[in-house]
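Welcome, and please open your viewer. We will go from stop to stop, selecting a few residues each time and looking at what is there.

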Amino acid sequence: GVIIDEVSMLSGEVLELCETISRHARKSDLPWGGMRVVIVGDFAQLPPVKGSFCFENPVWERSNFQVCHLQQNIRVQDNEYLSILNKVRIGLVDCEVTDFLNSRVNLEIDNETTRLFPRREQVSDFNRQKLDALSGGEIRIPSIYYGSDQFVEGLKKSAPVPEELILKIGCLVMIVQNDPGFLYVNGSKGLLREVGSETLLIELENRRLVSLTKTEFNLLNAEGHVMAGVVNFPINLAWATTIHKSQGATLTNLAVDLTRLWEPGQAYVAMSRLRKGNSLHVLGWTPNSFRA
């Protein structure tokens with residue numbers, strides 16, 4: 001069988017392609033070639049970057065999915081905050097939501113609080129500012145690319161590593177891959193403690209020390225052939241990240257910019273990363289950023 005998570009971000013065109021490939025691979029005319037398919041997600045969260053929602057494609061009806069509506073929110077442990085989130089989820093900004101958001105503006109923010117911004121340039125600027133504030137010299141590690149120019153350019157936009165890692169000892173980083181040994185997961189954060197020629201030593205938030213080696217990320221064509229690749233250590237600076245990259249994550253504390261949002265569900269995704277409302281710091285907000 002197949003399990004697909006964060007289905008709201010999967011376009012109808014991609015879902016249709018997956019279903020077609022499944023039928024051809026299994027040599028069956030049944031939907032998905034007769035495979036059991038489980039898809040998980042919330043269509044009130046972020047939509048696909050390109051294309052239509054997958055339920056707008058005819059393949060959705062052909063698949064005849066049986067809907068299981070989950071009733072209990074496992075992440076949020078604060079009933080008052082859950083009430084706010086349920087309104088934000090459907091784009092409702094009433095007096096209760098307005099008063100709550102205003103109460104979370106202009107609060108003191110400590111250095112360990114993750115910042116979420118809507119745009120990548122805001123993330124880059126903030127991470128650069130925090131890196132410059134650290135003492136010590138910069139360590140620059142360029143990414144190594146291979147493949148045709150056309151696909152390399154595409155990989156530079158989509159790969160989880162930047163064209164050049166710029167680090168300092170003690171900087172806050174996020175690991176962007178899972179560990180087969182379960183020492184860390186995609187999204188684990190920690191402080192950079194040592195840099196070697198072949199390894200990085202990271203002290204995770206749970207105080208565990210892990211050693212990272214360089215990783216290869218690939219861009220494949222429709223036949224599964226590698227068209228381009230990039231090699232570097234699987235980390236990014238982690239003082240700030242985009243709202244899009246945060247979907248699926250659980251954060252302890254959060255400061256978020258809720259101005260100039262353009263996607264439906266963007267505000268809800270940002271705010272619902274937290275377990276409790278008193279962990280939220282609002283850098284700014286506008287009512288038209290709250291859309292469903």
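What percentage of the 292 residues in the protein chain do buried residues make up? The figure is 42%. Keep in mind as you look around that this is a predicted model.

**The whole chain**

Start with everything shown as a cartoon. The protein chain holds eight helices and 16 strands. Turn it about its principal axes, and the C-alpha trace spans about 65 × 55 × 35 Å. The radius of gyration is 21 Å, which agrees with the value near 19 Å that a compact globule of 292 residues would have.

**The parallel sheet**

Next, select residues 240–242 and 280–285, which are β14 and β16. These are the edge strands of an open sheet, each pairing on one side only. Four strands make up this sheet, in the order β14-β3-β15-β16, and their pairing is parallel. Look along the sheet and you can follow its twist, which averages 20° from one strand to the next.

Now walk across the sheet strand by strand:

- Select residues 114–117 to show β3, which is joined to β14 by three bridges in parallel. Here Arg115 stands opposite Ala240 of β14.
- Move on to the pairing of β3 with β15, again parallel, over three bridges. Leu116 has Val256 of β15 as its bridge partner.
- Finish with β15 and β16, which run parallel and are joined by five bridges. Look for Asp257, which stands opposite Gly284 in β16.

Stay with β15 for a moment by selecting residues 254–258. Are its residues buried or exposed? Five of its five residues are buried, so the strand is mostly covered, with buried meaning under 20% relative accessible area. In a regular strand, side chains alternate between the two faces of the sheet. Show the side chains of β15 and you will find Leu254, Val256 and Leu258 on one side, with Ala255 and Asp257 on the other. Both faces are covered, and all of these residues are buried.

Follow the chain onward from β15 into the loop that leads to α8 (266–271), and select Arg260 there. Most residues other than glycine have a negative phi. Arg260 is not a glycine, yet its phi is positive, at about 60°.

**A hairpin and its neighbour**

Now select residues 189–195 and 199–204, which are β8 and β9. The two strands form a hairpin, with three residues between them. They run antiparallel and are joined by five bridges. To find one of the paired positions, pick Glu194, whose bridge partner in β9 is Leu201.

Add residues 172–175 to bring in β7, which pairs with β8 in the antiparallel sense over three bridges. Leu172 has Leu191 of β8 as its bridge partner.

What lies in the loop between β7 and β8? One residue to pick out there is Phe182. Its phi is near 65°, a positive value in a residue other than glycine. Phe182 counts as exposed because its relative accessibility is 71%, and the cut-off for exposed is over 50%.

**The antiparallel sheet**

For the next stop, select residues 144–147 and 215–220, which are β5 and β11. They are the edge strands of an open sheet, and each pairs on one side only. This sheet has three strands, in the order β5-β12-β11, with antiparallel pairing. Its twist averages 15° from one strand to the next.

Add β12, residues 226–232, and look at how it pairs with β11: the two are antiparallel, over six bridges. Select Leu220 and Val226 to see one pair of bridge partners, with Val226 belonging to β12.

**The second largest pocket**

For the last stop, turn on a surface and select Val40, Gly41, Asp42, Cys68 and Leu70. Among the 31 residues that line the second largest pocket, these lie nearest its centre. The elements that give two or more residues to this lining are β2 (37–39) and α3 (79–89), so select those as well. The pocket has a volume of about 1300 Å³. Which kinds of residue make up the lining? Colour by residue type, and the lining divides into 14 nonpolar, 11 polar and six charged residues.

How values were computed. Residues are numbered from 1 along each chain as its sequence is written. This is a predicted model: local features need pLDDT of at least 70, side-chain atom pairs count only at pLDDT 80 or more; totals for chains, interfaces and linings use all residues. Side-chain values use heavy atoms; hydrogens and water are left out. On a 1 Å grid over the protein atoms alone, a cavity is a set of points where a 1.4 Å probe fits but cannot get out, and a pocket is an open set with protein on both sides within 12 Å along at least five of seven lines; lining residues have an atom within 4 Å of a point. Grid points are joined across faces, edges and corners, and a volume is the space filled by probe spheres set on the points. Ala, Val, Leu, Ile, Met, Phe, Trp, Tyr, Cys and Pro count as nonpolar, Asp, Glu, Lys and Arg as charged, and the others, Gly among them, as polar. Two strands pair if DSSP finds at least two bridges between them. Axes are lines fitted to C-alpha atoms, for helices over the stretch in contact, and angles run from 0 to 180 degrees between N-to-C directions. The radius of gyration is taken over C-alpha atoms; the globule rule is 2.2 Å times the number of residues to the power 0.38. Buried means under 20% relative accessible area, exposed over 50%, partly exposed in between (1.4 Å probe, protein chains only).
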